[in-house]
Amino acid sequence: MIMKSKILILIVLFVNFHTNAQQNTYLDALKLKEIYDEDKTKNIGYFQLINEINFVLSKYKLNLDEFNGNPFLTKDYFPKEKYNSNPKVNGGNVNDPKNLESFQFLNITDSKASVTNQPSWQTLIIRGTSDFLADRFTAELISMATNNSFEKIKELKTVKSLFPKSMQLINEITDKNAETTTYALDFNILKSMVKKDIEEMPKNIPLLVGLNSTQKDFYNIGYQIAMQTKEGSSIQQIIENLSNSNEMINQDLQLALKRLNILSIALQNKQGAATIWVNPSNDLNFLNTKNGKELVARYFYGLLYEQLKDDPIFKPYTENPIQFVEIVQSFGSLFNQLNNTYELLKSKDFNLKTTEDFITYSTNITKSINVFLNTKIINDYLKIDNITFTYLNSFLSIHEAILNKDYQTALMNTYFMLKETMNLEDLRGLTFLSEIAMVEKSEDVRKILESYTQPIGSSSIKRKSSFNISINGYVGLSGGIERAYIDGNRDRGNFGLTAPIGFTISTSDKKRANFSAFFSVIDLGTMVNARFNDAEIETQDVRIEQFFAPGLGIYYNIQKTPISLGLHYSYIKNLKEFTQNNSIVENNFGVGRLNFSVLVDIPFFNIYTH
């Protein structure tokens with residue numbers, strides 16, 4: 001009600017300004033005299049003088065080219081271009097009071113002011129009101145589309161799981177019992193919620209419904225690597241934490257990670273050595289001799305044997321000592337990778353500062369885990385396929401994009417990683433949220449929401465549906481018969497642009513032929529529709545009711561295109577005025593049009609689809 005009152009007050013003030021505008025007339029007269037004197041005493045450019053004069057005259061809907069029959073004012077009383085001589089009227093000086101014939105007194109009360117160069121107050125109100133209506137119409141469509149988008153997102157289980165904080169806010173926004181409404185939504189809050197959820201997405205991914213146990217386990221490993229490298233945990237700390245994790249579903253995988261921890265601790269080098277881990281394939285060769293180096297190897301394998309002789313993974317290889325040594329030495333690539341990762345940390349003075357540092361660290365830890373799992377003994381035990389090895393790398397790509405604050409890439413990578421459990425609607429939901437997270441300016445939010453009112457190509461919805469109801473617009477060319485409802489009912493051809501908006505009901509038959517019944521309400525092309533051979537009927541100064549063009553159309557919708565063809569009848573009230581011999585004979589009459597149209601189908605909003 002407050003908004004309506006404000007709008008009404010503005011309109012009233014606007015009307016009052018243009019109809020009963022009070023001016024400081026004497027001061028304006030003094031100003032015109034000052035300008036006149038300046039022309040004689042100062043070297044001022046003629047066009048500057050003209051602009052100053054017209055500024056004053058415009059307050060009274062006059063200008064130097066149109067005095068509207070004013071008996072006191074003519075160009076003779078204003079500065080002239082220097083090369084012009086003073087004009088004479090009937091052979092005398094117009095400034096000569098004796099030359100009374102220079103004054104042609106008219107009936108001032110009967111003089112009809114023409115406003116050909118100034119729009120009428122009604123036109124100005126219509127323009128302002130139309131702008132307001134257009135903006136509000138767009139805003140309402142955006143609000144409706146926003147609610148529609150939110151309602152669709154609420155139905156997406158995967159998106160709900162990935163964005164718990166955002167979904168809580170969206171639920172509050174769309175709650176029909178809530179006191180607040182969507183237009184009051186602070187998108188900055190939603191933006192911060194979406195960003196927070198994206199940053200926490202690595203934690204939420206392993207919790208998704210629909211993932212198999214292997215996916216959950218590997219995504220959980222990826223999450224722990226991501227978080228622990230970000231916290232600056234040491235390599236050994238990360239390995240130990242993975243081995244002690246309580247999140248693993250596959251107990252065999254958990255057992256394998258415990259053996260990784262055993263081997264990692266077992267092969268740690270002495271302080272001051274060139275490497276942190278001993279590489280068994282290089283440094284622990286066993287040749288059954290008693291020299292110092294080979295004796296160390298014997299001791300090592302003997303002690304390790306005691307740790308692993310009853311282990312389900314290593315037990316099959318403990319009966320043959322040589323085979324057991326070969327199995328342990330097969331982990332040589334793992335410890336090369338771990339030593340390389342340590343050298344990376346050492347080169348950074350064990351102080352990771354940049355996003356690139358953390359990404360490189362987590363990448364190297366992930367490589368170490370993959371190398372371990374790809375070792376023959378582990379792979380034979382866990383029976384890991386090639387697809388499983390992609391899980392950690394895919395997860396890492398999401399983590400990397402999040403660290404770089406490239407949220408769109410993070411969500412796209414999430415979709416491709418989880419595409420077996422997601423569909424196109426999930427992708428649209430993720431894209432919608434990622435765009436909100438990436439928005440920089442408040443006006444960019446509107447652009448995002450406008451893009452979700454109906455996507456380009458949404459005309460295909462009615463073509464693929466057996467029944468559809470929508471708020472619809474069309475834009476295209478229209479031509480046919482127009483009847484002007486005056487004495488004699490004049491008929492003429494008409495051709496031009498049409499842009500009707502209304503309601504469309506569409507249906508398809510068994511052969512998929514698609515037809516629409518269109519109930520038009522307004523036509524934004526009404527004011528520009530050209531007439532064939534009818535120079536005597538002209539469009540008047542615009543009025544609000546001229547936008548209303550109620551009508552009915554039957555259209556055939558061409559499959560696989562947004563093109564519609566058909567007949568449409570509409571009635572436009574108070575559109576025309578009829579002139580004859582340059583005199584207005586009749587105005588404020590309506591016209592009816594029966595046209596064949598070729599149109600582009602532009603749905604604004606789908607109400608119902610079956």
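D491 sits in between buried and exposed: its relative accessible area is 34%, so it counts as partly exposed. Keep in mind that this is a predicted model. Here's a quick tour of its salt bridges, of two loop residues and of one helix residue, M193.

**Salt bridges**

- D491 has a partner, R483, and the closest N and O atoms of this salt bridge are 2.7 Å apart.
- R483 is partly exposed as well, because its relative accessibility is 34%, and partly exposed covers values between 20% and 50%.
- Elsewhere, K165, K196 and E200 are joined into one network by salt bridges that share partners.
- How many salt bridges are there by this rule? The count comes to 10.

**A pair within one helix**

- E425 and R428 form a salt bridge too, with 2.7 Å between the closest N and O atoms.
- Both residues belong to helix α20 (residues 424-438), where they are 3 residues apart, or about one turn of the helix.
- E425 has a relative accessible area of 33%, so it's partly exposed.
- R428 comes out at 43% relative accessibility, so partly exposed is the label here too.

**A pair that links distant parts of the chain**

- R463 and D601 meet through their side chains in a salt bridge, at 3.0 Å from N to O.
- This pair ties together distant parts of the chain, 138 residues apart: R463 is in helix α22 (residues 460-464), and D601 is in strand β11 (residues 583-609).
- Are these two residues buried or exposed? Both R463 and D601 are buried.

**Two loop residues with positive phi**

- Most residues other than glycine have a negative phi.
- F350 isn't a glycine, yet its phi is positive, near 55°.
- You'll find F350 in the loop between α15 (332-347) and α16 (355-374).
- With a relative accessible area of 48%, F350 is partly exposed, because the cut-off for exposed is over 50%.
- K383 also has a positive phi near 55° without being a glycine.
- Look for K383 in the loop between α17 (376-382) and α18 (388-403).
- K383 has 68% relative accessibility, so it counts as exposed.

**M193 and what it touches**

- M193 is part of helix α7, which covers residues 187-199.
- Its relative accessibility is 29%, so M193 is partly exposed.
- Which residues does M193 touch, leaving out those up to four places away in sequence? They are K165, S166 and L169.
- M193 and P164 are 29 residues apart in sequence, while their C-alpha atoms are 9.0 Å apart in space.

Definitions and conventions. Residues are numbered from 1 along each chain as its sequence is written. This is a predicted model: local features need pLDDT of at least 70, side-chain atom pairs count only at pLDDT 80 or more; totals for chains, interfaces and linings use all residues. Side-chain values use heavy atoms; hydrogens and water are left out. Helices (H or I, at least four residues) and strands (E, at least two) are DSSP runs, numbered from the N terminus. Buried means under 20% relative accessible area, exposed over 50%, partly exposed in between (1.4 Å probe, protein chains only). Contact means heavy atoms within 4.5 Å. A salt bridge is a side-chain nitrogen of Lys or Arg within 4 Å of a carboxyl oxygen of Asp or Glu.
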